[in-house]
Amino acid sequence: MIEVSNYDFFDYDYAQYWKVREYEDSAEKHVLRRIFSDKKGKWFVDIGGSYGRLTPTYYNKYTNPIILDYSLKTLQRNYSVIKKQFPNIELIAANAYHMPFRDNICDGGLMVRVLHHISEPETYFKELKRIMHNDSTYVQEFANKINLKASLRAIAHLNFKFFSREPYQQPTSKNFEGTEMGQEAIFFNYHPSFVSKVLNNIGFNIQNKYGCSYLRFQALKKILGDNNMLKIEYFLQKLLKTTNIPPSIIFETKLQKPEPKQELKTDGLKDILVCPKCFGELTFKDTSAHCKCCDRTYKKEDNIWDFRIV
Ligand SMILES: C[S@@+](CC[C@H](N)C(=O)[O-])C[C@H]1O[C@@H](n2cnc3c(N)ncnc32)[C@H](O)[C@@H]1O
Ligand SMILES: [Zn+2]
């Protein structure tokens with residue numbers, strides 16, 4: 001069983017985090033808008049999409065977008081606001097390691113600020129490959145282990161082992177995102193070569209690499225202000241995109257696999273849902289879905305289907 005970072009455990013309200021981070025928010029959206037500018041398709045899944053912060057970057061590009069997140073409470077809390085702004089979006093509570101979708105169904109996918117909670121990226125990417133079809137686009141952001149600040153710190157401490165491709169688990173004392181201070185947390189920074197190797201081995205070929213949040217320094221924010229920071233950020237995004245300097249890296253990938261795309265007769269969410277445990281067919285009745293194969297029942301609570309399993 002792989003452990004999941006459960007934001008519901010401490011009732012963590014992630015939307016609050018972004019109230020004071022306009023620079024980082026705009027920097028990420030700038031990259032994503034560039035990536036999605038020439039994309040289009042049907043089913044799209046924003047994995048760990050939370051309260052839909054990034055939905056404006058892909059919403060008009062895919063006709064059937066889905067936010068999938070393990071935090072049922074986040075989806076329930078934000079349902080009305082999200083649906084008001086983005087009426088076509090579907091919200092589903094599920095685990096990224098066990099997604100409740102048929103094989104070869106998605107035209108596009110995105111994961112931002114979530115991979116640090118994924119302790120077994122290879123297992124996750126294999127599950128992702130199952131639901132994505134051949135030639136689909138997948139965008140993966142991750143916290144860069146060897147960013148400039150961390151590398152300088154390692155050099156200053158003569159800690160050259162730090163530069164290995166091994167994932168770096170952040171100390172519990174420094175992070176309490178989705179947990180409380182001092183609690184064990186799943187929080188990994190990944191080496192870009194590690195992420196690209198795992199993606200490539202599974203069939204996600206990297207088409208483009210982008211960097212993001214080059215100026216993530218509190219002092220600079222106070223001196224320059226968000227607008228000036230963003231002007232410099234956009235310049236650096238072009239200039240340094242191939243380097244491993246930024247704290248956040250984004251890979252745009254294309255999946256290559258032999259299986260053909262699933263052609264479905266209708267467009268509804270229920271047509272693409274299967275049991276996340278055994279991939280059996282589901283029988284829907286009002287607010288419940290039953291899998292005959294493994295005899296599990298999933299419920300819809302406060303507008304959100306709960307397909308979470310571990
Ligand atoms: C830091 S937030 C990022 C939210 C959003 N992607 C963004 O950038 O604004 C991480 C999100 O990942 C979700 N998450 C963590 N582990 C997950 C898993 N195994 N499956 C699905 N969602 C997960 C959390 O519930 C949380 O909403
Ligand atoms: Zn089942």
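C293 is exposed, at a relative accessible area of 61%. Exposed here means over 50% relative accessible area, buried under 20%, and partly exposed in between, using a 1.4 Å probe and protein chains only. The model is predicted, so local features need pLDDT of at least 70 and side-chain atom pairs pLDDT 80 or more, while totals for chains, interfaces and linings use all residues. Residues are numbered from 1 along each chain as written, chains are lettered from A and ligands numbered from 1 in the order written, and side-chain values use heavy atoms, without hydrogens or water.

The structure holds 0 disulfides, a disulfide being a pair of cysteine sulfur atoms within 2.5 Å. C293 is in no disulfide, and its nearest cysteine sulfur, that of C291, lies 4.4 Å away. C291 is buried, because its relative accessibility is 0%.

C291 is also one of the protein donors of the zinc ion (ligand 2). The others are C275, C278 and C294; each donates through SG, at 2.2 to 2.4 Å. Donors are N, O and S atoms within 2.8 Å of the metal (3.2 Å for Na, K and Ca); water is not among the atoms, so sites may look incomplete. The 4 donor atoms subtend angles of 96 to 120 degrees, so the arrangement is tetrahedral (four donors, all angles between 85 and 135 degrees).

Along the chain, the donors follow the spacing C-x2-C-x12-C-x2-C. C275 sits in the loop between α8 (269-272) and β10 (282-285), and C294 in the loop between β11 (288-291) and β12 (296-301), so this pair ties together parts 19 residues apart in sequence. Helices (H or I, at least four residues) and strands (E, at least two) are DSSP runs, numbered from the N terminus. C275 is buried, at 0% relative accessibility. C294 is partly exposed, at 26%.

Methods. Tetrahedral: all angles 85-135°; square planar, octahedral: opposite > 155°, others 65-115°.
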